Amino acid sequence: MGFDPKNAMNAAKDIAAHAVEKAGDIVEDAGQIVKGDIAGGISAIVEDATDIATHAVDKAKEAFTGKDDAAE
């Protein structure tokens, strides 16, 4: 199966929703930094940012190839 615009739109919506959810987590992580847990807060921010990027790449790949690598 090839590229399907409907799948691409659904993937874009999913990527945006996931990014917004993780942005909320990043705000909480910034709170940790303000409270003094600098290492823990930065580590959590990096983890959340990496999760956003990984999710976006996986969803984009799925939209363009029509395959869900997690299902295989």
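**A tour of a two-helix chain**

Start with helix H2. It has 28 residues and reaches 40 Å from its first C-alpha to its last. That is close to the 40 Å expected at 1.5 Å a residue. Keep in mind that this is a predicted model.

**Zoom out to the whole chain**

Now show everything. The secondary structure amounts to two helices and zero strands. The chain holds 72 residues, and 12% of them count as buried. Switch on the surface. The accessible area is about 4900 Å², with 63% of it belonging to carbon and sulfur atoms. Next, think about contacts between residues at least 6 apart in sequence. Of these, 57% join residues at least 24 apart.

**Select the two helices**

Colour residues 5-34 as H1 and residues 38-65 as H2. How do they pack? The angle between H1 and H2 is about 180°, and their axes lie 9 Å apart. An angle over 145 degrees counts as roughly antiparallel, so H1 and H2 are roughly antiparallel to each other. Which kinds of residue make up the contact of H1 with H2? Nonpolar residues number 16, polar ones six and charged ones seven.

**Select the buried residues of H2**

Pick Gly-41, Ala-44, Asp-48, His-55 and Ala-63. These are the buried residues of H2. Look at what lies over them: the cover includes H1.

**Stop at His-55**

Keep His-55 selected, in helix H2. Why does His-55 count as buried? Its relative accessible area is 18%, and buried means under 20%. Now show what His-55 touches, leaving aside its neighbours within four places in sequence. The contacts are Asp-14, Ile-15 and His-18. Display those side chains together with His-55.

**Cross to Ala-16**

Move to Ala-16, in helix H1. Is Ala-16 buried or partly exposed? Its relative accessibility is 41%, so Ala-16 counts as partly exposed. Set that beside His-55, which is buried at 18%.

Now add Ile-52 to the selection. Ala-16 and Ile-52 are 36 residues apart in sequence. Draw a line from C-alpha to C-alpha: how far apart are the two in space? The distance is 9.4 Å.

**Last view**

Return to the full chain and hide the side chains. H1 and H2 run roughly antiparallel, with 9 Å between their axes. Bring His-55 back as a landmark: a buried residue on H2, in contact with Asp-14, Ile-15 and His-18.

Definitions and conventions. Residues numbered from 1 in each chain as written. Predicted model: local features only at pLDDT ≥ 70, side-chain atom pairs only at ≥ 80, totals over all residues. Heavy atoms only, no water. Helix = DSSP H or I, 4+ residues; strand = E, 2+ residues; numbered from the N terminus. Buried < 20%, exposed > 50% of the residue type's maximum accessible area, 1.4 Å probe, protein only. Contact = heavy atoms within 4.5 Å. Areas by Shrake-Rupley, 256 points an atom, 1.4 Å probe, with all protein chains shown as cover. Axes fitted to C-alpha atoms, helices over the stretch in contact; angles between N-to-C directions. Parallel < 35°, antiparallel > 145°, perpendicular 65-115°, else oblique. Nonpolar A, V, L, I, M, F, W, Y, C, P; charged D, E, K, R; others polar. Expected span 1.5 Å × (residues − 1).
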